[in-house]
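Please open the model in a viewer and keep the sequence panel visible. The tour below proposes one selection after another and describes what is found at each.

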Amino acid sequence: MSLFADFRRRFDLRPAKSLNLAGSPARTRSEASSAGEDSGPPYGAIAPYGAAGTDHRAYLAIAEALRDGADVVPASDETGRRLAADGVSLVEALDGLSALYRSIAGGEPAFAAVRALSSSWAEASLVHLHSLSCEDPLTGLSSLAHLRSRLGELYREAELRGTSVPKDHALVVVQPVNPPGTSPFDRELRLVDVAECLRIVFCGGDVLGRIGARRAAALVGRRPNLPQQVATVRALITQWRLDADGPQLARVWIEGLPGSDEMAGRLLDELARP
């Protein structure tokens, strides 16, 4: 097995085959010349490389480098970044590179081109992932994954310091009580209101998160005034919409945390159930 085929196999178990999407199998230049046919599209043309829906112009820099006999590494680096920005997977990007080389050079991509494209694709993808928000875009509450991560940090800190998470922290859970026939859109709006009320009461750096489709929670310290804060949250939610036909009811309670990080994760999973 060739080096490129083995590299691609690590990302995709499909058998390596010619990916010349123009139709006929790729042939070497000598075969094309002997048949009296053009060896590829005119210089500067956009060839059908990559998967369907891929912007083929992304591969144009590599095609020009191949035809000019120039270094393909800078062009491959540029192509990898562009394909990642366009949302093209690494497998599709490598498929396009393979099709390009087969169409122009009649063989598999050079290792330097594969490495440059893959490295730049991975780097651009990581930049995108790191830019993603850990908040729910509608309510502004932290995601369940972020809440779980923060809980894990608390348990690790408690182990190092010899303290107890169940004694020092708790979850204040809020579940709006929606009347029968409430639409999913109205349920989401209720959670938006709940999020605003939680921010008013717990504004001292507590983690406010969304737990599943129906609940929100605040990861808070067990302060002496915690029961009063819970009562304030309940009152705010009840009176938040003065133009509503009736009071906006919600269940609000203090959920104790278990003794281990693993059990805390299971607790969050249970609370996230519909």
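Select Asp-77 first; this residue belongs to helix 4. The model is a predicted one. Is Asp-77 buried, partly exposed or exposed? Its relative accessible area is 28%, so Asp-77 is classed as partly exposed, the limits of that class being 20% and 50%. Now add Leu-117 to the selection: although 40 residues separate Asp-77 and Leu-117 in sequence, their C-alpha atoms are 4.9 Å apart. Show Ala-116 and Ser-120 as well, since Asp-77 is in contact with both, neighbours within four places in sequence being left aside.

**Helix 4**

Extend the selection to residues 73-85, the 13 residues that form helix 4. At 1.5 Å a residue this helix should span 18 Å, and its end C-alpha atoms lie 19 Å apart, which agrees. Which residues of helix 4 are buried? They are Ala-75, Ser-76, Thr-79, Gly-80, Leu-83 and Ala-84. Turn the view to look down the axis of helix 4: the buried residues fall within an arc of 160°, so they line one face of the helix. After the helix comes Gly-87, with a positive phi near 80°.

**The largest nonpolar core**

Next, select Ile-62, Leu-66, Leu-97, Leu-100, Tyr-101 and Leu-117. Within the largest nonpolar core, which has 22 residues, these six touch the most other members. At least two residues of this core come from each of helix 3 (60-68), helix 4, helix 5 (90-104) and helix 6 (111-131). Helix 5 provides the largest share, with seven residues.

Centre the view on Tyr-101. Residues up to four places away in sequence are not counted here; beyond them, Tyr-101 touches Ile-62, Leu-66 and Val-72, and also Gly-106, Gly-107, Glu-108, Pro-109, Ala-110 and Ala-113.

One of these contacts, Pro-109, is the next stop. Pro-109 sits in the loop between helix 5 and helix 6. With a relative accessible area of 7%, Pro-109 is buried, because that class takes in values under 20%. Measure from its C-alpha atom to that of Ser-98, eleven residues away along the chain, and the viewer should give 5.9 Å.

**Helix 9**

Move on to residues 184-201, which make up helix 9. This helix has 18 residues and reaches 26 Å from its first C-alpha to its last, close to the 26 Å expected at 1.5 Å a residue. Its buried residues are Arg-190, Leu-191, Asp-193, Val-194, Ala-195, Cys-197, Leu-198 and Val-201. What do the buried residues of helix 9 pack against? Colour strand 1 (169-176), strand 2 (207-211), strand 3 (215-221) and helix 10 to see these partners.

**Helix 10**

Select residues 226-239 for helix 10. Its 14 residues reach 20 Å between the first and last C-alpha, close to the 20 Å expected at 1.5 Å a residue. Leu-226, Gln-229, Val-230, Val-233 and Ile-237 are buried in this helix. These residues cover an arc of only 100° around the axis, which puts them on the same side of helix 10. Their cover includes strand 1, helix 9, strand 3 and strand 4 (250-256).

Highlight Pro-227, also in helix 10. At 48% relative accessibility, Pro-227 counts as partly exposed, because exposed residues have over 50%. Its C-alpha atom is 8.4 Å from that of Ile-254, which lies 27 residues away along the chain.

**The whole chain**

Finally, zoom out to the full model. The chain contains eleven helices and four strands. Of its 274 residues, 39% are buried. The exposed surface amounts to about 15000 Å², with carbon and sulfur atoms supplying 55% of it. Among contacts with a separation of 6 or more, 68% join residues 24 or more positions apart.

Colour the chain by pLDDT as a last step. The average is 79, and 75% of the residues score at least 70. Where does the pLDDT fall below 50? This occurs over residues 10-54, a stretch that has 67 contacts in the model beyond near neighbours in sequence.

Conventions:
Residues numbered from 1 in each chain as written. Predicted model: local features only at pLDDT ≥ 70, side-chain atom pairs only at ≥ 80, totals over all residues. Heavy atoms only, no water. Expected span 1.5 Å × (residues − 1). Buried < 20%, exposed > 50% of the residue type's maximum accessible area, 1.4 Å probe, protein only. Arc of directions from axis to C-beta. pLDDT = per-residue confidence, 0-100. Contact = heavy atoms within 4.5 Å. Core = buried A, V, L, I, M, F, W, Y, C linked by side-chain atoms within 4.5 Å. Areas by Shrake-Rupley, 256 points an atom, 1.4 Å probe, with all protein chains shown as cover.
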